[in-house]
Amino acid sequence: MIFTRRAALAALALSTSLGFTPFGALAQTAEKPKLTLGVGGKQLLYYLPLTVAEKKGFFKEEGLDVEINDFGGGAKSLQALVGGSVDVVTGAYEHTIRMQAKGQDIRAVIELGRFPAITIAVRKDLADKVKSAADFKGLKIGVTAPGSSTSLTAQYAMVKAGLKATDAPIIGVGAGASAVAAIKQKQVDIISHLDPVTSKLEADGDIVALIDTRTEAGTKALFGGSNPAAVLYLKNDFAEKNPVTTQKLVNAFMKSLKWLETAKPEDVANLVPEEFLLGDRPLYLRAVKNSQESYSRTGISTPDAMKSMYDSLKLLDPELATSNVDLTKTFIDSFAKKAAAGS
């Protein structure tokens, strides 16, 4: 019997439809190899795994052509996903809980950061009066963008300290040089932000840190435990319709996490675009060192960590106080498990 190319392809189609993958390479072609990804402040170390995946060629290794759209903050990235202008988002895990509470099936597929890596600091000239979040009332708080994780963390700190989330105005200051300028020009009194912005302001002597969630100890002090930070999230129907594409995205990010486990700060500085260094390479190296503990080791959020985030949101947001979100629907861990296993 002569096994023609047409017959081979027909056999492949049949076997694939039955759940077999006799020709792995052919069967694993991405359903949507060209896609758009939203992010809110790409130069922040919070999103470093994304830049690593891009610059190390991990997306291309997986056969993907990923167009990255950088928005002013995480809340804007979420809006873009809901509106359909991006396919997936690198953003804060908490958005999946909020959207599930609103009946929108948005889920994380890999954890990139296990600690928020957000530092809340006061301008140095106010440090003698502002000792904790209990003193924030009436002060201007600079964040990447209202509704983003930097904003929510500051508001959570205030509520935990006995204030209302609305007791201080929240002002979007962007993700890079504009955030540094906001403190230096006294446009804001408090800043809730991420590296390298935080390390730059610390090194210049412009701020005094009050809360630091770059480390496990600092995260536990504020939240009582680990707290999922950056994740890759998407609409569940995207994952269902494009399982191979989703797996390849997760594979690329898992490679980033593995690379970051052993990378030296110098390796990171050599990899990222020059503008990410904020004109100060030694400072960037310190910022990377400060943030390295915050990156996920497994790509999977633990149930306890997810519950910690949900509990903090319930305390902060009246709309979520009486909600009953099934946290298993906020994170699909099968893709990360497969990526970790090297499949």
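Student: In this predicted model, why is Glu-261 called partly exposed?

Tutor: Its relative accessibility is 42%. Buried needs under 20% and exposed needs over 50%. Glu-261 falls in between, so it counts as partly exposed.

Student: What makes Lys-258 and Glu-261 a salt bridge?

Tutor: Their closest N and O atoms are 3.7 Å apart. The cut-off is within 4 Å, so the pair qualifies. Both residues lie in helix α12 (residues 243-262), three residues apart, about one turn of the helix.

Student: Which residues are joined into one network by salt bridges that share partners?

Tutor: Arg-123, Asp-125, Lys-186 and Asp-189.

Student: How do you know that Asp-87 is buried or exposed?

Tutor: Compare its relative accessibility, 17%, with the limit for buried, under 20%. Asp-87 is therefore buried.

Student: What makes Lys-32 its salt-bridge partner?

Tutor: The N to O distance between the Lys-32 and Asp-87 side chains is 3.8 Å. That is within 4 Å, so the rule is met. Lys-32 sits in the loop between α2 and β1, and Asp-87 in the loop between α5 and β3, so the bridge ties together parts 55 residues apart in sequence.

Student: Why is Arg-214 called buried, and Glu-202 partly exposed?

Tutor: Arg-214 has a relative accessible area of 4%, and buried means under 20%, so the label fits. Glu-202 is at 29%, between the two limits, so it is partly exposed. Their side chains meet in a salt bridge at 3.5 Å, N to O.

Student: How many salt bridges does this rule give?

Tutor: The count comes to 20.

How values were computed:
Residues are numbered from 1 along each chain as its sequence is written. This is a predicted model: local features need pLDDT of at least 70, side-chain atom pairs count only at pLDDT 80 or more; totals for chains, interfaces and linings use all residues. Side-chain values use heavy atoms; hydrogens and water are left out. Helices (H or I, at least four residues) and strands (E, at least two) are DSSP runs, numbered from the N terminus. Buried means under 20% relative accessible area, exposed over 50%, partly exposed in between (1.4 Å probe, protein chains only).
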